[in-house]
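Work through the exercises below with the sequence and the structure open. Try each task before reading its solution.

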Amino acid sequence: MADKERVGFVGLGIMGKHMVRNLIKAGYSLTVYDVVATAMEEVAADGASPASSSKEVAEKAPTVITMVPDSADSEAAILGPDGVLEGASRGSVVIDMSSIAPGTSQKIASACEAKGVDFLDAPVSGGEPGAIAGSLAIMVGGKKQVFDRYVGLLNAMGASIVLCGGYGAGNTTKLANQIIVAANIEAVAEALVLAKKAGLDPNVVFQAIKGGLAGSNVMNAKAPMMIAGDFTPGFRIKLHQKDLHNALLTGKELGVPLPVTSLIQQMLGSLMNDGKQQIPRLTRRLFIPGGNLQTITKSHLARILAEENNLNGTQAKDLVDAFFQALAESIIQGEKIEALGFGVFRVKETNPKNSRNPRTGEAVLVPARRKVMFKPGKVLKGALMKARE
Ligand code: NAD
């Protein structure tokens with residue numbers, strides 16, 4: 001049994017904050033952390049206690065759940081400096097509920113085992129509505145005896161909890177889930193457009209086919225929204241693209257061709273390039289031409305953006321990511337980077353191609369030591385303009 005008194009939770013975004021609320025409702029007391037302070041304030045109002053790092057969360061709670069965007073975030077939150085493992089003691093458990101690459105789950109599991117800490121990868125399906133209702137489908141990878149000990153805790157957030165295999169199996173199952181969801185959304189959209197262009201009422205078509213072989217949960221959830229022209233995002237395009245990217249990566253490792261996944265990943269990339277991501281106003285505070293050199297972490301930048309622009313944590317983090325993407329683009333397009341230099345970015349100036357991901361073609365910028373130094377000036381302003389576009 002999990003210690004009913006203390007559960008730690010790291011990552012309080014669209015999903016995490018509702019999962020925290022359900023754990024509180026189930027009687028657990030929560031210690032929480034997010035790199036964006038405003039995200040912690042939201043759940044503090046519901047009774048969670050904010051901590052100053054993932055390490056502190058693990059020092060206070062023997063059971064720590066993480067719910068962050070991607071593999072690199074899970075690694076940073078669990079294995080990184082001030083991360084969960086630094087604060088965890090022998091006999092405690094880390095349950096990573098983020099959707100990440102299965103190989104990264106296995107890497108994190110090994111690091112946990114080396115410290116005598118138990119680990120489960122336990123990604124979810126069901127979206128924000130499922131997180132709110134506590135009805136998520138939870139796919140778990142790890143040891144059976146550990147699963148048995150924590151299934152009660154997972155029950156506070158989900159309606160279906162299935163042990164799928166050893167470490168990484170939860171995330172492999174989640175990748176299978178995402179392939180099916182993405183392909184289904186695309187097929188429903190394509191079919192309804194065809195029906196509409198042929199002069200049919202798409203709602204009638206939906207009603208006619210939803211009980212047949214083509215019917216699906218995806219169709220029931222998405223078709224009415226498509227027909228009503230309601231394209232409010234429930235799951236960020238960027239995250240779906242991330243999942244398909246991880247699926248393709250895993251397929252490559254296993255020698256499994258995934259042609260439909262690959263096509264849809266490209267389509268999502270086009271949507272992102274078409275500006276179908278929310279990029280609100282950027283901060284001015286840090287970027288005064290002629291100002292002093294600043295040293296700042298990405299999370300600090302996200303916090304300032306959130307405060308200045310009245311954004312939630314996810315929006316601020318998206319904006320920081322977009323900003324770094326724009327910086328990376330500036331660099332690989334050959335714009336001067338000396339003003340940003342100081343050995344801070346691990347970008348090889350002699351070979352600009354090193355800063356483009358060879359698989360996705362996406363520009364990548366890796367800050368050294370998780371610190372970024374900005375020297376305000378023209379180059380930075382150029383990057384900001386691009387991020388704003
Ligand atoms: P989100 O971006 O809204 O939230 C992630 C949160 O993690 C943010 O608040 C961010 O500030 C925080 N964070 C990032 N790195 C951190 C770190 N190192 N330490 C502490 N906090 C950190 O994302 P989300 O929609 O809540 O999704 C979380 C995970 O769940 C993702 O892997 C996603 O793919 C998966 N998922 C999402 C949905 C959905 O519908 N949103 C559905 C199923 C699964």
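The exercises that follow go from the whole chain to single residues, in a model that is predicted.

**Exercise 1. The chain as a whole**

Task: State how many helices and strands the protein chain has, and what percentage of its residues count as buried.

Solution. Start with secondary structure: the protein chain holds 16 helices and eleven strands. Next, take burial: 40% of its 389 residues count as buried. Last, look at contacts between residues at least 6 apart in sequence: 66% of them join residues at least 24 apart.

**Exercise 2. The shell around the ligand**

Task: Find which residues come nearest to the ligand, and which elements each supply at least two residues of the shell around it.

Solution. The shell has 31 residues, and G11, G13, I14, M15 and T314 come nearest to the ligand. At least two shell residues each are supplied by α4 (71-79), β7 (124-125), α7 (127-133) and α15 (313-332). Sorted by class, the shell has 16 nonpolar, eleven polar and four charged residues.

**Exercise 3. Two helices in contact**

Task: Decide whether α4 is roughly parallel or roughly antiparallel to α6, and name the residues that make the contact.

Solution. Two packed helices are described by the angle between their axes and the distance between the axes. Here the axes of α4 and α6 (residues 102-114) come within 10 Å and cross at roughly 10°. Angles under 35 degrees count as roughly parallel, so α4 is roughly parallel to α6. On the α4 side the contact is made by S71, S74, E75, I78 and L79, and on the α6 side by T104, I108 and A111. By class this contact has four nonpolar, three polar and one charged residues.

Now follow L79, which is found in α4. L79 has 18 C-beta neighbours inside 10 Å and counts as partly exposed. Residues up to four places away in sequence aside, L79 touches L85, I108 and A111. The C-alpha atoms of L79 and I108 are separated by 7.2 Å, with the two residues 29 apart along the chain.

**Exercise 4. The buried face of a helix**

Task: List the buried residues of α2 and explain why they line one face of the helix.

Solution. The buried residues of α2 (residues 37-44) are A39, M40 and V43. Viewed down the axis of α2, they fall within an arc of 100°, so they line one face of the helix. An α-helix has 3.6 residues a turn, so residues three or four places apart point the same way.

**Exercise 5. Three single residues**

Task: For V35, I264 and D82, say where each is found and whether it is buried or partly exposed.

Solution. V35 is found in the loop between β2 (29-33) and α2. V35 has 25 other C-beta atoms within 10 Å, and 20 or more make a residue buried, so V35 is buried. The C-alpha atoms of V35 and K317 are 9.2 Å apart, although 282 residues separate the two along the chain.

I264 is found in α13 (residues 259-273). With 22 other C-beta atoms within 10 Å, I264 is buried. Neighbours within four places in sequence aside, I264 is in contact with A182, A183, E186 and L244. A182 lies 82 residues from I264 along the chain, and their C-alpha atoms are separated by 7.2 Å.

D82 is placed in the loop between α4 and α5 (84-87). D82 has 15 other C-beta atoms within 10 Å and is partly exposed. Most residues other than glycine have a negative phi. D82 is not a glycine, yet its phi is positive, at about 65°.

Key
Residues are numbered from 1 along each chain as its sequence is written. This is a predicted model: local features need pLDDT of at least 70, side-chain atom pairs count only at pLDDT 80 or more; totals for chains, interfaces and linings use all residues. A residue is near a molecule or strand if its C-beta atom, placed from the backbone, lies within 6 Å of it. Helices (H or I, at least four residues) and strands (E, at least two) are DSSP runs, numbered from the N terminus. Ala, Val, Leu, Ile, Met, Phe, Trp, Tyr, Cys and Pro count as nonpolar, Asp, Glu, Lys and Arg as charged, and the others, Gly among them, as polar. Axes are lines fitted to C-alpha atoms, for helices over the stretch in contact, and angles run from 0 to 180 degrees between N-to-C directions. Angles under 35 degrees count as roughly parallel, over 145 as roughly antiparallel, 65 to 115 as roughly perpendicular and the rest as oblique. Two residues are in contact if their C-beta atoms, placed from the backbone, lie within 7 Å. A residue is buried if 20 or more other C-beta atoms lie within 10 Å of its own, exposed if 12 or fewer, and partly exposed in between; C-beta atoms are placed from the backbone. The arc is that of the directions from the helix axis to the C-beta atoms.
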